[in-house]
Amino acid sequence: MSEQTATLNQLQRAFSRCVAGPAQDWKGDEAGVRQQPTLSTARRIGIYHYAYSARIGDSLVEDFSGVASWLGEASLRQCVRPYLELYPSLYHSLAEVSRHFPEFLRKHPPSGAPEFIAELAEWEWHQILTVNTDARPLPETRPNESLESQNFSQVRLALNPSLTLFESRWPVDTLMEKMSLPVAPRLTRLAAWCTEDDYHELRIQSTEWNLLLLLNKHTNVSDFLAQAQGLSISTDRFSRLFTLWSNRRWIQGWLP
């Protein structure tokens, strides 16, 4: 029985290499594919080989629609095999197959790709992560209204788990569709988050951005306030921002 299992594992791995690896003159016997009329062994394996990359190509086009609009769908699909050779899929589903595609485009941009293509892909991947993150607050989260009566050194702010901060040298939020006009670099800071079933994104100015970076590092209220003092922000401005973040559901409450 163990010998049969080992043989089956060997066949499965050999067939997997044929399907996921580069095109070649496949040896069907090693992969458990026999020569049968009317299709040759190479043709039979080739069908699965093509279907594998085509399905991943479909996933990349769907995940990176903005990138596809700039490169063209055909050009994006030509990236599939080189991408998989460098970043082979290690998962049973397509959910994670796109994770390293921005990095691939940064290191190996297709010929004629705009300079911002990797950062656009990275922004699209962050959007995917945001949408697929559960934005519901933890059951033990307390309302912000009761925060003032607490010892700030003993409580933590409960941030929206889906909140994503993204900084780019390019206005990636406006580049989701190809433009005929030239695109100029422009420092762009973005927040993306979900509330219940809704997705939101917003450009953030420098003062608010710097505070949000501190907030991500110091959810302990006392530590956050101490660090925020170094930014020379007035008490009134800070209070307004805190209220605004609460209304946007970036701060969902506090945790003991």
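**Exercise 1. Find the members of the aromatic cluster that contains Phe101, and describe the pair Phe101 and Phe104.**

Solution. Phe64, Tyr83, Tyr87, Phe101 and Phe104 make up one aromatic cluster. Rings of Phe, Tyr and Trp (its six-membered ring) pair if their centres lie within 6.5 Å; planes under 30 degrees apart count as stacked, over 60 as edge-to-face and the rest as tilted. The model is a predicted one, in which local features need pLDDT of at least 70 and side-chain atom pairs count only at pLDDT 80 or more, while totals for chains, interfaces and linings use all residues. Residues are numbered from 1 along each chain as its sequence is written, and side-chain values use heavy atoms, with hydrogens and water left out.

Step 1. A search of the whole structure gives 11 aromatic pairs. In one of them, Phe101 and Phe104 are stacked, at 5.9 Å centre to centre and with 15 degrees between the planes.

Step 2. Place the pair in the secondary structure. Helices (H or I, at least four residues) and strands (E, at least two) are DSSP runs, numbered from the N terminus. Phe101 and Phe104 are separated by about one helical turn, because they are 3 residues apart in helix α6 (residues 101–107).

Step 3. Check burial. Buried means under 20% relative accessible area, exposed over 50%, and partly exposed in between (1.4 Å probe, protein chains only). Phe101 is buried at a relative accessible area of 0%, and Phe104 is buried at 3%.

**Exercise 2. Describe the largest nonpolar core and the surroundings of Val67 and Ile117.**

Solution. Step 1. A nonpolar core is a set of buried Ala, Val, Leu, Ile, Met, Phe, Trp, Tyr and Cys residues joined through side-chain atoms within 4.5 Å. The largest has 33 residues, and Leu60, Val67, Phe101 and Leu105 have the most contacts inside it. Two or more residues come from each of α2 (41–63), α3 (65–71), α5 (80–86), α6, α7 (117–131) and β3. The most come from α7, with 7 residues. Another core, of 25 residues, lies apart from this one and has Leu147, Leu212, Leu214 and Ile251 among its members.

Step 2. Contact means heavy atoms within 4.5 Å. Leaving out residues up to four places away in sequence, Val67 touches Gly72, Leu76, Leu105, Ile117, Leu120, Ala121 and Glu124.

Step 3. Ile117 lies in helix α7 and counts as buried at 2% relative accessibility. With the same exclusion of residues up to four places away, Ile117 touches Val67, Trp70, Leu71 and Leu105. Ile117 and Leu71 are 46 residues apart along the chain, and their C-alpha atoms are separated by 8.5 Å.

**Exercise 3. Work out how strand β3 is paired and covered.**

Solution. Step 1. Two strands pair if DSSP finds at least two bridges between them. Strand β2 (residues 164–168) runs antiparallel to β3 and is joined to it by 5 bridges; Ser168 has Thr188 as its bridge partner in β3. Strand β4 (residues 198–203) pairs with β3 in the antiparallel sense over 6 bridges, and His200 in β4 is the bridge partner of Trp193.

Step 2. β3 and β4 form a hairpin with 2 residues between them, and Glu196 in the turn has a positive phi of about 55 degrees.

Step 3. In β3 (residues 188–195), 8 of 8 residues are buried. Thr188, Leu190, Ala192 and Cys194 point one way, and Arg189, Ala191, Trp193 and Thr195 the other way. In a regular strand the side chains alternate between the two faces of the sheet.

**Exercise 4. Compare the settings of Ser232 and Arg249.**

Solution. Step 1. Most residues other than glycine have a negative phi. Phi of Ser232 is near 55 degrees, a positive value, and phi of Arg249 is near 70 degrees, also positive.

Step 2. Ser232 lies in the loop between α9 (221–228) and α10 (235–247) and is exposed at 69% relative accessibility. Arg249 lies in the loop between α10 and β5 (251–255) and is partly exposed at 33%.

**Exercise 5. Decide where the coordinates call for caution.**

Solution. Step 1. pLDDT is the predictor's confidence in each residue, from 0 to 100. The protein averages 86, and 82% of the residues score at least 70.

Step 2. Among the elements, helix α1 (residues 2–20) has the lowest mean pLDDT, 59, and α6 the highest, 98. Over residues 1–6 pLDDT stays under 50, and the model has 0 contacts for them beyond four places in sequence. Where pLDDT is low, the predicted coordinates should not be read in detail.
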